[in-house]
Amino acid sequence: MKTSLPFTVNIAPAPERSDEIKVIVEGDDLYDDMQAAIAAARSSILLEIYLLAWDEVGRPLLEALAARARDGLDVRVHVDAFGSLLVFPRTAERKLKQAGVKVRRFHHWQWRDPWRYNRRNHRKLLVVDGSVAYLGGFNIHRECSRRQYGEGRWRDTHVRVFGDLAAQAQRLFESFWYGDRGYHAPLRVPVRHILWSNHGAYGRRRMGYLMDGLIDSAMERLWLTNPYFVPSLRVQKRLTAAAVRGVDVRILVPRKNDVRLVRWASHAAYARLLAGGVRIFEYLPRVLHAKTALADGKWSMIGTSNLDYRSVFLNYEVNLFSSDPSLGQALRDQFLADLAESEEISLDVWSRRHFLHYPAESLGWLARRWL
């Protein structure tokens, strides 16, 4: 049952630089920063996450949330039922509730409506006091921690934002918590930052327009990092069109992937893109999970969306689109650092791949809508 949103929330004063955006690429740095923000919270802590594990990384963070709930703060945790199915046990949920934390599982299984279980909440948000928020690709599990997982930890990207963007993040959290998919941040012209979620037909359409606009606006450089890169034929045409008009189009994807079928589906798009002038690089050291985009250093995107069917049509996602030059520079520097640890796939080499690749690519492409 839908409930009207209590948007008369108390927003704590923002820091002096309310437009500051900090890029975070190490899981331990992110989790430490989150812990500090939780410890400093004065009124509310709102966590929305796809994968929340009760492990060496998730347990201390959840224990901190429980402690703040016992202090009388409004603490809420919204986890995706599928994403956290095997890693966030009911015993952990009960402990949090006993401490006063409100916990919900998004789209838990229902026999009367099994299809909704496939519509997953892939968004990652932590909002503290409505004045500071964290969003991006990181889930909360040990695989993202160098301290717990070692040098093989996943490579991901998150941002910390303040001020109006944090307030937008709080409203996005509230909309899902209360089951109201009608809220979207107003699109103002000119736009400096926009935090956009793809819920509802309007939201999905507008997210597509924003991504298309970012690709089509590039005149010199278009650099994309994406872990589950299974672009539709329409997106493939846009990328090759950009390359044909002289744009330096580079796609960075992982060599190591936690879903093999996705890798096969991704390979099915390589030949067309390479023939169209798009350059593809595979990141070698570890699993790459970041989702970022850069267009000419003028526009950048960071968020939770993959370039695949699920992110476009099924999952709920949230992305930050920004013209902030410092964000663009930070993402550019990180892209180049990742590129130094990557291997470029040439059309000549790809055309001579083993014949067994072809049936695997066909299988992956046929299954792309279910990955």
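How many of the five residues of strand β8 are buried? Five of the five, as it turns out, so the strand counts as mostly covered because buried means under 20% relative accessible area. Everything in these close-ups comes from a predicted model.

**View 1. Strand β8 is covered on both faces.** This strand takes in residues 193-197. On one side sit His 193, Leu 195 and Ser 197, and on the other Ile 194 and Trp 196, every one of them buried. Next to β8 comes strand β14, residues 318-322, and the two pair in the antiparallel sense over five bridges. If you want a pair to zoom in on, take Trp 196, whose bridge partner in β14 is Asn 319.

**View 2. Eight strands make an open sheet with mixed pairing.** Going across, the order reads β8-β14-β13-β12-β9-β10-β11-β15. The edges belong to β8 and β15 (342-345), and each has a single partner strand, so one side of each lacks a neighbour in the sheet. From one strand to the next, the twist averages 15 degrees. Inside the order, strand β9 (residues 221-225) and strand β10 (residues 248-254) run parallel and are joined by five bridges. Arg 221 is a handy label here, with Asp 248 as its bridge partner in β10.

**View 3. Seven strands make another open sheet, again with mixed pairing.** Here the order is β1-β7-β6-β5-β2-β3-β4. β1 (21-24) and β4 (102-106) are the edge strands, pairing on one side only. The twist averages 10 degrees from one strand to the next. Zoom in on strand β5 (residues 125-128) and strand β6 (residues 132-136): these pair in the antiparallel sense over four bridges. Val 128 has Val 132 of β6 as its bridge partner.

**View 4. Lys 102 sits in edge strand β4.** Is Lys 102 buried, exposed or partly exposed? Its relative accessibility is 42%, and partly exposed is the class between under 20% and over 50%, so Lys 102 counts as partly exposed. Val 75 lies 27 residues away along the chain, yet the C-alpha atoms of Lys 102 and Val 75 are separated by 6.4 Å.

**View 5. The largest nonpolar core has 38 residues.** Start with Ile 45 and Leu 65, which touch the most other members. Helices and strands both feed this core: α1, β2 (44-49), α2 (58-70), β3 (74-80), α3 (90-98), β5 and β6 each supply at least two residues. The largest share, six residues, comes from α2. As a general background note, nonpolar side chains tend to be buried together in soluble globular proteins.

**View 6. Helix α10 keeps its buried residues on the same side.** The helix runs over residues 325-339, has 15 residues and reaches 21 Å from its first C-alpha to its last, close to the 21 Å expected at 1.5 Å a residue. Which residues of α10 are buried? Leu 327, Gly 328, Leu 331, Gln 334, Phe 335, Asp 338 and Leu 339. They cover an arc of only 140 degrees around the axis, and therefore share the same side of α10. The general helix rule is worth keeping in mind: with 3.6 residues a turn, residues three or four places apart point the same way.

**View 7. A salt bridge links Glu 26 to Arg 146.** The N to O distance between the two side chains is 3.9 Å. Glu 26 belongs to the loop between β1 and α1 (27-40), while Arg 146 is in helix α4 (residues 146-149), so to speak a link between distant parts of the chain, 120 residues apart. The two ends differ in exposure: Glu 26 is buried at a relative accessible area of 18%, whereas Arg 146 is partly exposed at 40%.

**View 8. More salt bridges, from a total of 31 in the whole structure.** Arg 68 and Asp 71 form one of these, with their closest N and O atoms 3.0 Å apart. Arg 68 is buried, with a relative accessible area of 14%, but Asp 71 is exposed, with 53%. Another joins Arg 353 to Glu 361, where the closest N and O atoms are 2.8 Å apart. In that pair, both residues are buried. There is also a network, in which salt bridges that share partners join Glu 20, Lys 22, Asp 33 and Arg 160.

Methods: Residues are numbered from 1 along each chain as its sequence is written. This is a predicted model: local features need pLDDT of at least 70, side-chain atom pairs count only at pLDDT 80 or more; totals for chains, interfaces and linings use all residues. Side-chain values use heavy atoms; hydrogens and water are left out. Two strands pair if DSSP finds at least two bridges between them. Axes are lines fitted to C-alpha atoms, for helices over the stretch in contact, and angles run from 0 to 180 degrees between N-to-C directions. A salt bridge is a side-chain nitrogen of Lys or Arg within 4 Å of a carboxyl oxygen of Asp or Glu. Buried means under 20% relative accessible area, exposed over 50%, partly exposed in between (1.4 Å probe, protein chains only). The expected span of a helix is 1.5 Å times one less than its number of residues. The arc is that of the directions from the helix axis to the C-beta atoms. A nonpolar core is a set of buried Ala, Val, Leu, Ile, Met, Phe, Trp, Tyr and Cys residues joined through side-chain atoms within 4.5 Å.
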